[in-house]
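Reader: Could you walk me through how to read a few features of a protein model? I would like the general idea, then the case at hand.

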Amino acid sequence: MAEITQLIHKYLRHNKKFPLVFCPGCGHGIVLGSLVRSVHALGLNKDDVVIVAGIGCSGRIAAYVDFNTVHTTHGRALTVATGIKMANPKLTVIAVMGDGDAFSIGGNHLIHAARRNIGVTALVLNNFIYGMTGGQCSSTTPEGAYSHTSPMGQLESAFDIVELTKAAGAAGVSRGTVYHVKELDALVADALSRPGFNLVEALTPCFTQYGRGNGFKSAVEMFRWLKDSCLPIERFEKLEDRTGKIPLGSFVRRDIPGLETRYAAMCEGVRRKKGGAA
Amino acid sequence: MGRNRVVVYPDWCKGCGICAAFCPKKVFAVGLDGKAQVVNEEACVNCGFCEPHCPDFAVMVIPENDVPETPEPAPTEAKEETL
Amino acid sequence: MTAPRKKHREAFLLGNEAVVEGALAAGCSFYAGYPITPSTEIMECMAKRLPHVPDGVFLQMEDEIASMGAVIGASLAGRKAMTATSGPGFSLMQEQIGYAAMTETPLVLVNVMRGGASTGLPTSPGQGDVQQARWGTHGDHPIIVLSAADVPECVEMTVTAFNFAEKYRTPVILLLDEITAHTREKIDLPEPGDFEIFSRLTPTMPPEWYKPFEETMRGVPPMPPIGSGYRFHVTGLTHDALGFPTSRPEEVRALTERQFRKIDRFFEDIQLVEHVGTADAEVVVIAYGCVARSARLAVRQAREAGVRAGLLVLKTLYPFPRRHVEPLLRSCRLAVVPELNMGQLSREVKRVNEGHTVVRTINRIDGQIITPSQILKEIA
Ligand code: SF4
Ligand code: SF4
């Protein structure tokens with residue numbers, strides 16, 4: 001088992017400042033671990049992997065891993081990822097974003113990335129809050145939850161990331177949590193190996209900015225909450241009372257070639273036609 | 001039950017307590033210094049929980065039947081000296 | 001610039017279409033954009049042409065922010081990439097211009113200026129984005145801003161924009177106006193060899209020695225395409241030589257100063273102007289874009305009327321070509337700056353003037369062009 005930690009160390013940039021900038025008990029490090037294990041399991045070459053991150057706590061993940069890493073502007077990770085993938089389809093491009101990043105400021109880019117099915121894997125680290133700016137509500141903050149900008153409780157309803165991305169046409173959509181790491185590893189690896197736009201929502205607790213203000217006593221308690229309230233979709237569907245329960249697993253797996261593949265085919269067709277006519 | 005070796009890198013551990021709370025054999029405890037300590041190494045059954053769940057890559061479990069190896073020390077130096 | 005003339009194919013093109021010819025001649029193989037009048041022909045033309053270019057990629061994105069993002073991504077992956085827009089879209093792109101400047105990502109952005117703030121006069125010319133081109137994005141950053149006055153210049157200045165972007169690892173903004181973009185003129189289509197084409201330097205050292213944001217002789221570090229074995233970190237945060245975020249004052253200062261120095265040391269190369277009869281001029285007109293065409297005629301007519309008038313056409317707007325403007329302000333008794341705004345480039349002329357001569361402005365903001373006679377009235 002030691003190989004798990006050793007493996008991660010092989011992918012970390014040791015000339016970067018450690019430990020990670022994240023707060024104690026923040027799940028982001030676990031997602032990073034999942035990402036590294038998935039890349040390793042698929043046997044991808046470090047040179048061919050690109051991490052494109054947005055702004056926020058999740059955005060800081062990129063700097064720590066020894067891939068090609070790009071830390072972009074807030075909400076725009078998918079646009080840069082789209083440019084990279086179209087420019088060089090051979091690369092495995094992974095966009096790492098937070099909930100505010102991907103679904104608030106970057107919501108437009110996300111639905112369009114899903115619609116055009118660009119061959120990028122989106123890893124959305126959903127902690128229900130803007131962590132880096134100090135705990136403001138985001139578009140996934142549950143109704144009624146407290147934050148510095150919803151001090152009387154969030155009035156607006158939250159996005160369901162899975163449903164939204166599914167409706168936008170993504171090739172694959174799944175949800176995991178940092179408590180259910182093995183399953184998360186499998187979901188990330190699956191997303192990485194499939195064509196088209198594949199999104200994995202990873203529920204990752206933020207005790208500092210979300211948990212403390214919403215009745216959790218510690219980060220550990222938030223992990224317990226994940227353990228108790230999340231369950232595989234098959235079991236979730238059999239439940240009579242689903243209140244407070246969150247389904248996990250793969251929700252959509254459609255076989256849609258990535259935009260880069262369809263574009264290349266179109267260009268080839270165009271050139272062949274021209275060649276034939278000449 | 002075996003003689004698995006359990007190591008915590010204090011420089012990287014942030015004392016979040018996840019290992020201590022969820023280890024089925026109560027191998028860890030968070031000490032007064034805010035770092036996880038291995039308090040019950042003999043009890044470890046190599047269940048596979050703590051390593052992937054430590055958000056800071058600070059735990060390592062070396063199973064008894066593994067060739068004894070010196071774990072790579074976690075570097076603490078912030079930056080590479082520029083030439 | 002131009003090699004011995006070969007036989008050229010002629011074409012009757014819009015300024016916008018000429019931009020595409022220039023871009024392709026410069027090696028552009030990636031375009032991402034969002035339709036907006038009066039720049040749309042650039043996009044439509046790219047959509048037709050790029051699928052025929054080897055590895056050419058054309059993308060219509062969901063907005064201008066995304067367009068810039070895709071262009072930045074493509075450039076990081078080694079492509080010569082561009083986008084084009086107009087007024088409101090240009091404002092949306094500003095955040096990403098700052099990112100490109102901070103990460104030293106080469107790209108070309110063509111902004112076809114139209115009238116007014118906001119939706120304003122979408123189908124009329126304007127020159128109201130000059131200061132925005134220089135200072136639109138946040139924070140201190142170097143930038144190169146170019147302009148073109150007619151259709152052949154659209155080709156030439158687009159090529160120049162790509163060359164500067166690649167040479168200096170910087171975003172380059174090419175400002176056109178609705179008149180220049182929508183005027184149809186006969187031009188010689190560029191042939192290979194017509195222009196000197198510059199591509200970014202890539203590292204030659206082994207990857208483990210490579211420092212992506214290191215100080216170099218020219219101040220421009222080599223830039224490998226993503227996926228070529230040089231793995232490094234790119235961030236919009238202030239960063240050290242390795243690309244990792246830093247807030248150490250000495251590292252922050254070194255980064256910002258190098259980013260300015262890499263442009264400032266090459267003013268001679270970057271600051272392009274055209275002198276028309278300025279050698280003996282006592283009155284000088286300083287103009288750019290479509291206004292420079294009116295000014296050309298006005299200056300000729302003034303000469304015919306016996307006034308020693310000259311014209312300085314600015315092809316580079318920023319870094320402001322002080323070295324060309326200042327001597328004229330010292331030797332002329334009058335400088336006239338006509339522009340289609342309330343006075344944007346004239347601010348720079350006045351700044352450089354320092355009381356040497358009289359600077360008069362002609363400002364027009366009603367969506368109409370400044371006519372030669374309007375300029376002539378001021379100089380003769
Ligand atoms: S899970 Fe990791 S960081 Fe948290 S207390 Fe245990 S060893 Fe320390
Ligand atoms: S491997 Fe399992 S039993 Fe052993 S220390 Fe880790 S969590 Fe406890």
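Reader: Over the ring of which residue does the charged end of Arg134(C) sit?

Author: Some ground rules to begin with. This is a predicted model, in which local features need pLDDT of at least 70 and side-chain atom pairs count only at pLDDT 80 or more, while totals for chains, interfaces and linings use all residues. Residues are numbered from 1 along each chain as its sequence is written, chains are lettered from A and ligands numbered from 1 in the order in which they are written, and side-chain values use heavy atoms, with hydrogens and water left out. A charge sits over a ring if NZ of Lys or CZ of Arg is within 6 Å of the ring centre and within 35 degrees of the ring normal. Here the ring belongs to Trp135(C), with the charged end of Arg134(C) 3.8 Å from its centre. Another such case joins two chains: the charged end of Arg224(A) sits over the ring of Phe22(B), 5.5 Å from the ring centre.

Reader: Is Leu146(C) buried or exposed?

Author: Buried means under 20% relative accessible area, exposed over 50%, and partly exposed in between, using a 1.4 Å probe and protein chains only. Leu146(C) is buried, at a relative accessible area of 0%. This residue belongs to strand 7 (residues 144-147) of chain C. Between the C-alpha atoms of Leu146(C) and Arg134(C) there are 11 Å, and the two residues are 12 apart along the chain.

Reader: How many aromatic pairs does the structure hold?

Author: A pair of aromatic rings is described by the distance of the centres and the angle of the planes. The cut-off for rings of Phe, Tyr and Trp (its six-membered ring) is centres within 6.5 Å; planes under 30 degrees apart are stacked, over 60 edge-to-face, and the rest tilted. Over all chains there are 15 aromatic pairs. Take Tyr210(C) and Phe232(C): their centres are 5.6 Å apart and their planes are at 75°, so this pair is edge-to-face. Both rings' residues lie in the loop between strand 9 (184-188) and strand 10 (233-235) of chain C, so the pair ties together parts that are 22 residues apart in sequence. Tyr210(C) and Phe232(C) are both buried. In chain A, ring pairs link Phe128(A), Tyr210(A), Phe216(A) and Trp225(A) into a cluster.

Reader: Which strands stand at the edges of the sheet of 9 strands?

Author: Helices (H or I, at least four residues) and strands (E, at least two) are DSSP runs numbered from the N terminus, and two strands pair if DSSP finds at least two bridges between them. This open sheet has the order 9(A)-10(A)-7(A)-8(A)-4(A)-3(A)-1(A)-2(A)-10(C), with mixed pairing. Its edges are strand 9 (230-232) of chain A and strand 10 of chain C; each has a single partner strand, so one side of each is left without a neighbour in the sheet. Inside chain A, strand 1 (residues 49-53) and strand 3 (residues 92-98) run parallel and are joined by 5 bridges. Val52(A) stands opposite Ala95(A) of strand 3.

Reader: What is the order of the open sheet of 5 strands in chain C?

Author: The order is 11-13-12-15-16, again with mixed pairing. At the edges, strand 11 (273-276) and strand 16 (358-363) of chain C each pair on one side only. Strand 12 (residues 283-287) and strand 13 (residues 309-314) of chain C run parallel with 5 bridges, and Val285(C) has Leu311(C) as its bridge partner.

Reader: How many residues of strand 5 of chain C are buried?

Author: The count is 9 of the 9 residues of strand 5 (residues 107-115), so this strand is largely enclosed by the rest of the structure. Strand 4 (residues 81-85) of chain C runs parallel to strand 5, with 4 bridges. Helix 4 (residues 77-87) of chain A is mostly covered as well, with 11 of its 11 residues buried.

Reader: Which elements make up chain B?

Author: Chain B has 2 helices and 4 strands, running β-α-β-β-α-β from the N terminus on. Of its 83 residues, 48% are buried.

Reader: Which residues are around ligand 1?

Author: A residue counts as near a molecule if one of its heavy atoms lies within 4 Å of it. Around ligand 1 these include Cys13(B), Cys16(B), Cys19(B) and Cys54(B), along with Lys14(B).
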